[in-house]
Structure formats: C-alpha cells, structure tokens
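Please look over the sequence and the model shown here before reading on. The report is written for someone who is meeting this structure for the first time.

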Amino acid sequence: MSVVSKTNWRPGATLPTIQARAQLLRQIRDFFAARDVLEVETPLLGRAFGTDPAIQPFVVRENSTTWYLQSSPEFHMKRLLAAGSGPIYQISKAFRQGEAGRRHNPEFTLLEWYRPGFSAADLMRELTDLMQHLLGMAPVVQTCAYAELFAQSLQLNIFATDSATLRDCAIAQQIPDAADLVLERDAWLDLLWTECIEPQLPPAQLTFVTDYPASQAALAELNAQDPRTAARFEMYYANLELANGFQELTDATAQTARFNADNVQRQHAGQPTLPLDTRFLAALQHGLPRCAGVAVGLDRILLARTGLSSLDQVQTFATERA
Amino acid sequence: MANYSTSEFRGGLKIMLDGDPCNIIENEFVKPGKGQAFNRVKIRNLKTGRVLEKTFKSNETVAAADVVERELDYLYADGDFWHFMDSNNYEQYQADAAAVGDAVKWLRAQDRCQVTLWNEVPILVEAPNFVVLQVTETDPGLKGDTSGGGGKPATLETGAVVRVPLFVQTDERIKVDTRTGEYVGRVKD
C-alpha cells in the first residue's frame, strides 16, 4: 500500500465493511456454538515464539523479560487441549513483523480451532461447511496434492528435483531475477509456488492443497504411508490463501528436533535464534490428544466476501493507519 | 546513505540498484501460506528511464538513493552543458546531454522543467508538458484550409519538427504537447 499522510485519521474500511466484519464474527460464533466447540482466549504476549524461520516476531521488552507478540495462538491452545479442554476455537489477533502488502498486514485476525479425534480430512470437511456458512454458497471444492500441482503446472517431480533444477525452472518461467537469487531448496519451491502455481488456481472455488513436502511440515505429522509428505493442508479461495491446517504433531521428541532444526536454519540465515517453548513441550510430553487444527485468516475471508482487493479496505486501521 | 529493508518498500521510494538510482513504481509482498516471502517490485531506472521488474527476498536491504525532484528554470546551453537555476535560491545546476535527452528539442530559455537530481547532479530533465514555440520555417499552406487533415512539417525555434495543419504560417506561435510531440493549437498574443 502507499504512504498514508500523518493527518489522515480516517479508517480504511467503510461502515458497511465494518458491519460485514461484525456479522462474520457472529456467524462464526453461531457455527461453533451449534457444534459444541468451546470459545477460549489465550495470551497475546508470550515468553516464547514459534521458531519458524519465515516468521519474525515483534519483541516487547519489560525490564529483564522479553515478550513476544504471538504469531498464532497454537501453542497456548495446544496446552489447553493437553489439559483436557476438548474441542476449542479462538478468534484472536496475530502478529508477524515485516509482512505488509495488499494481502498481508503485520497485525491481523485469525480464527483457529482444534478437534480432538479428527483427521485432517475430517477437519477439511468441517472447514468446507464453515465456508458454506460464511460465503453463503455451496462452494465447488477441489482437492489436490502439493506435488501433483507442481507436476501439472511445471512438469516437476518435487521428490526428485534439486535446487539447481528448481532454479532452472524459475529462469525458464521468466521470474524476474531468478538467475541472481540465492535461495534454499524450499525457498525455490515457495518462489515457483507464488509466481507460477498460486496465480493459476481455479477462480471462484475452494482448493484444498494437501500433503506438503516433509521439509514444509511445520507442526504437522508426517504421513505414515508416505513420510516424504506431511499431513498439512492449505485452503485457497481462487488464488487467495485463507487457511492452513495440520494433523497435529503430538510427539514431543520430534517437535523438539524440529524447533532445534529451525533455530539452526535461523542461525545460517543470520537471524536471531529463539528460546524453545518449554511449557508447550512439557504439555506434549504430558500428552496432546490426537487432533487436527486449522487457522483461518478472517481479514481475507472478508476480502473473499466483499470482493475488495486490499486488507486496508477490510481492517478499520491497517498498520499504515495505526 | 541509509539502507531500506524490503518491508519499507513503497511506491516513490528511491533506491540504488546496480549502481544506478531507481524509483519504485509498484511493490507487491507475496508469501505462500508458510515459507519464504518475496517482494515483487516494478522499478524505473532514473538514468535510463527504463522500467524493469525485480524479485527480492523479503527482509533483504538495499541502499537508499539521494534523489530529489526539483522545478528548475532553463537558462542556456554552452555547447557541452545545459544550465538550470532554482528560482527559490538562485542555485545553478548543469546537465549533460545524457540527462537532457529528448527534452533538448523543447527547451527554451526561462521555461520551467522538472529536473531529477542525484547527489545534487541532474540525471533527468523533463520538459514542461506543454510548450509554446515559434515556427521558424514551414511551407506556405493554402489560406482558408482549416480542415486539419494531412498537415505539413514545421520547424520550431528550438529545432524541433512537428506536424502542423496547413494553415499554420512561419513566425506564428504554436502550443505543443511535449509528451507526444503533437501540435495542440495556435497561440495568439
């Protein structure tokens, strides 16, 4: 977005859009009340932060304590699940430093929910029901594996391709500067995804992208039948990414190893490493019930609902105006 | 000079790229659900005027370019340089042929131009959108022809040649759109 003048005090969203958000929140609460999913609140300030090298925290200092504004409520919510909460949902703010653009704002609203006993496929069905409830239509739904989309769009077998081949593909696709970029293998996949695959996703329908490569598992379990992939899915409406879900990793040892690997990657990239969330790991040790969880970007749901193009138009005061 | 992180990229930001000052025209932040974010940026090279597209890894930094745009009055040419003055403080600047570029054919003393300065040196001179110039030479056209169809070439006092309607005569003053090089109309005093 462009620079907003220092005396421009007006909201970016119109009153009808602000009303549409209020209605959206009501509909979500109705949906979960009818399904006996408990609404919860967890802190925005935490002593720990996810280690994902692609997410940078806002840091808040208080004397000798360092706090992190949470990038997602997932760690606290899983501690509730481990404590026996049963199915829970939350509507909360989330913070990611440096993410600003038409479809990103450093502060945004997430709907996140967890279903003990659900598989990722069960949760995708419930998410589809919710979308029908929120977008007011029976959406056309397509489900496609991440690797399959690479095979279809770029004729690449991602399980047998090294960085050099991905780079060649990016150059052949005429992505500006592809030849000059220095990227890790997964970042090449990310570049090809955002430049070549995402823009081609079919319009006016929901696409579930499933079975992400194990290197992009984040907090998802690996698939038992094909451990090259993880039980992670994303949901798109047209080419707008709306949700990310997992069959949640419940193994404390595997989770610790992933946190440590992230911190090694952070070190390589010259980023600060982050303290491990010891309370979250202790909760996994105690036992997280087998469950699936998903996070949905509500500002983007409003984009899909209103047909507007920029988050600045659906947030009262996007960060540029704050 | 300072550095800018990609998260500070905005339309109008001036940055250095491959040794040349550039202006950001458009910036788009793109990121898959999780993973590496990129900035897809459309940039104008201020020395060549060329527009190019660049992909940056998000959180990279680039050097800021000390570039400002000023309204300066054109004074005169001395054969090597074109001289301009800021009428607010009487500071003078000299621009070389590369900076003046195509604007040269519209420059007339006292006309106010938009000049881009990089480290205080002109790198781009833009003529006013409309200039009024005297016709120094054109074939005598048919009196009474006001149809405007066809037309004929006319040489102007700055040396520029534009197509004018047949009724336009030598010594008359005409208004020209410098962006298209097209005749707009006659100017009567």
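The paragraphs below deal with a sheet, the helices around it and the contact between two chains.

## The sheet of chain A

This is a predicted model, and a good place to begin is the open sheet of chain A, in which eight strands follow one another in the order β1-β5-β6-β13-β12-β11-β8-β7 with mixed pairing. At the edges stand β1(A), residues 38-39, and β7(A), residues 141-145; each has a single partner strand, so one side of each is left without a neighbour in the sheet.

For β7(A), the partner described here is β8(A), which covers residues 206-210, runs parallel to β7(A) and is joined to it by five bridges. Within this pairing, Q142(A) is found opposite T207(A) of β8(A).

## Helix α1 of chain A

Helix α1(A), which spans residues 15-34, lies across three strands of chain A, namely β1, β5 (88-95) and β6 (107-116), and its direction makes an angle of about 150° with β5(A).

The helix α1(A) also packs with α9(A), residues 298-306, at an angle of about 115° and with the two axes 11 Å apart; the crossing of α1(A) with α9(A) is right-handed. On the side of α1(A) the contact is made by T17(A), A20(A), R21(A) and L24(A), while α9(A) contributes L298(A), I301(A), L302(A), R305(A) and T306(A). Sorted by character, the residues of this contact between α1(A) and α9(A) comprise five nonpolar, two polar and two charged.

## Helix α2 of chain A

In helix α2(A), residues 74-82, the buried residues are E74(A), F75(A), H76(A), M77(A), K78(A) and L81(A). The elements of chain A against which the buried residues of α2(A) pack are the strands β5, β6 and β13 (291-297), together with helix α8 (278-287). After α2(A) comes G84(A), a residue with a positive phi near 95°.

## Where chain B meets chain A

Between the two chains, 20 residues of chain B are in contact with 27 residues of chain A. On the side of chain B that touches chain A, β3(B), residues 20-30, and β5(B), residues 51-57, each supply at least two residues, and the largest share, four residues, comes from β5(B).

How do the residues on this side of chain B divide into nonpolar, polar and charged? The side of chain B that touches chain A has five nonpolar, eight polar and seven charged residues.

Terms used:
Residues are numbered from 1 along each chain as its sequence is written. Chains are lettered from A and ligands numbered from 1 in the order in which they are written. This is a predicted model: local features need pLDDT of at least 70, side-chain atom pairs count only at pLDDT 80 or more; totals for chains, interfaces and linings use all residues. Two strands pair if DSSP finds at least two bridges between them. Two residues are in contact if their C-beta atoms, placed from the backbone, lie within 7 Å. Axes are lines fitted to C-alpha atoms, for helices over the stretch in contact, and angles run from 0 to 180 degrees between N-to-C directions. Ala, Val, Leu, Ile, Met, Phe, Trp, Tyr, Cys and Pro count as nonpolar, Asp, Glu, Lys and Arg as charged, and the others, Gly among them, as polar. A crossing is left-handed if the near helix is turned anticlockwise from the far one by less than a right angle, and right-handed if clockwise. A residue is buried if 20 or more other C-beta atoms lie within 10 Å of its own, exposed if 12 or fewer, and partly exposed in between; C-beta atoms are placed from the backbone.
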